[in-house]
Amino acid sequence: MVNASLSQERLPESQKHAVVSPRLKKRGLDTSNMANFRPVSHLTFMSKVVERAVAKQLNEYLTANDLLPRFQSAFRKQHSTETAMLWVLSDALTVADSQRVTLLGLLDLSAAFDCVDRSLLLLRLQRNFGLVDTVLRWFTSLRQNSTDVVRRSSVSSHAAPEGVCPRTSAVCHVHCRS
C-alpha cells in the first residue's frame with residue numbers, strides 16, 4: 001500500500017477519513033465548555049502506516065541532505081527536549097561567564113501546526129527543500145477530499161470536509177487534525 005500510494009501520487013480516498021473524538025483535557029473540568037476538550041483524530045491503520053513510512057523517508061532525505069536547521073530538536077534522532085534545554089543552558093552559562101546579560105524569549109507553539117497555510121507549506125517544501133514531482137504531488141493530494149466525523153459517545157455528526165465543522169459548516173477549532 002505504501003508503494004502504491006507513492007507511485008500513484010496520492011493517499012487513497014478510503015484512507016482520508018478521520019473520526020474525531022473530543023477528550024476532556026483534565027478530570028473534573030466543566031464538560032459543557034468545549035474549550036475544556038481537545039480533539040483526538042482516529043485515522044485508519046493503513047493511513048498511519050503510509051504516513052509513518054513517508055515521514056521516515058522524508059526525515060532521511062532532509063538529514064542526508066543537511067536540510068534541517070542545526071538547532072532543531074523536534075522530530076530528529078538523538079535530539080529531544082533535553083538536548084534543546086542543554087543548548088539553551090550552555091549558551092546562557094557561556095554568556096554569563098563573559099559577564100554579559102542573557103535574555104530568553106519563550107513561545108508556546110503547541111498548536112502552531114493548526115495555523116499553517118498549507119499552500120505556503122507546499123511552496124516551501126518545493127523551494128527550500130527540493131521536493132518536486134511525485135513527492136510534491138503526493139503531499140498536495142494528502143488533504144484533498146479528506147473528511148472528518150465528530151463522534152461523542154454513540155452520536156456522530158455527518159461527514160464534512162476536514163476543518164469544517166459538520167454541524168455549522170463554519171471553520172471548527174474543536175476538531176483540527178493533529
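This dialogue introduces the reading of a predicted model, from its overall layout to one internal cavity.

Student: How many helices and strands does the protein chain have, and in what pattern do they follow one another?

Tutor: The model is predicted. Its protein chain has five helices and five strands. Along the sequence, the pattern reads α-β-β-α-α-α-α-β-β-β.

Student: What part of the protein chain is buried?

Tutor: Of the 178 residues in the protein chain, 24% are buried. A second reading concerns contacts along the chain: among those with a separation of 6 or more, 48% join residues 24 or more positions apart.

Student: How should I read the pairing of the strands, and which strands pair with E3?

Tutor: A general idea comes first. In a regular strand the side chains alternate between the two faces of the sheet. In this structure, E3 covers residues 147-152 and pairs with strand E1, residues 17-24, in the parallel sense over four bridges. One position to locate is Val19, whose bridge partner in E3 is Val149.

E3 also pairs with strand E4, residues 155-156, in the antiparallel sense over two bridges. Here Arg151 has Ser156 in E4 as its bridge partner. Strand E5, residues 160-161, likewise runs antiparallel to E3 and is joined to it by two bridges. Asp148 is bridged to Ala160 of E5.

Student: What lies between E3 and E4?

Tutor: The two strands form a hairpin with two residues between them. In that turn, Ser153 has a positive phi of about 60°.

Student: Which residues of helix H5 are buried, and what covers them?

Tutor: Helix H5 spans residues 133-141, and its buried residues are Leu136, Trp138, Phe139 and Ser141. The cover over these residues includes helix H1 (2-7), H2 and helix H4 (118-129).

Student: How does one look for empty space inside a model, and how many cavities of 30 Å³ or more are there?

Tutor: Rolling a probe the size of a water molecule over the atoms shows where empty space is left. In this structure, the count comes to one cavity of 30 Å³ or more. The volume of the largest cavity is about 70 Å³.

Student: Which residues line the largest cavity?

Tutor: Twelve residues line the largest cavity, and those nearest its centre are Leu11, Gln15, Glu51, Leu142 and Arg143. Helix H2, residues 45-64, supplies the largest share of the lining, with three residues. By character, the lining divides into five nonpolar, three polar and four charged residues.

Student: Let us turn to Gln15. Is Gln15 buried or exposed, and where is its place in the chain?

Tutor: Gln15 sits in the loop between H1 and E1. Its relative accessible area is 11%, and because the limit for a buried residue is under 20%, Gln15 is buried. The side chain of Gln15 makes a polar contact with the side chain of Thr44 at 2.2 Å. Apart from neighbours within four places in sequence, Gln15 is in contact with Met1, Thr44, Met46 and Ser47.

Student: Ser47 appears among those contacts. Why does Ser47 count as buried?

Tutor: Ser47 counts as buried because its relative accessibility is 3%. Its place is in helix H2. The side chain of Ser47 reaches the backbone oxygen of Thr44 at 2.8 Å. Thr44 is thus a partner to examine for both residues: Gln15 meets its side chain, whereas Ser47 reaches its backbone oxygen. Leaving aside neighbours within four places in sequence, Ser47 is in contact with Leu11 and Gln15.

Key: Residues are numbered from 1 along each chain as its sequence is written. This is a predicted model: local features need pLDDT of at least 70, side-chain atom pairs count only at pLDDT 80 or more; totals for chains, interfaces and linings use all residues. Side-chain values use heavy atoms; hydrogens and water are left out. Two strands pair if DSSP finds at least two bridges between them. On a 1 Å grid over the protein atoms alone, a cavity is a set of points where a 1.4 Å probe fits but cannot get out, and a pocket is an open set with protein on both sides within 12 Å along at least five of seven lines; lining residues have an atom within 4 Å of a point. Grid points are joined across faces, edges and corners, and a volume is the space filled by probe spheres set on the points. Ala, Val, Leu, Ile, Met, Phe, Trp, Tyr, Cys and Pro count as nonpolar, Asp, Glu, Lys and Arg as charged, and the others, Gly among them, as polar. Buried means under 20% relative accessible area, exposed over 50%, partly exposed in between (1.4 Å probe, protein chains only). A polar contact is a pair of N or O atoms within 3.5 Å; within protein, one must be able to donate a hydrogen and the other to accept it, and residues adjacent in sequence count only if both atoms are side-chain atoms. Contact means heavy atoms within 4.5 Å.
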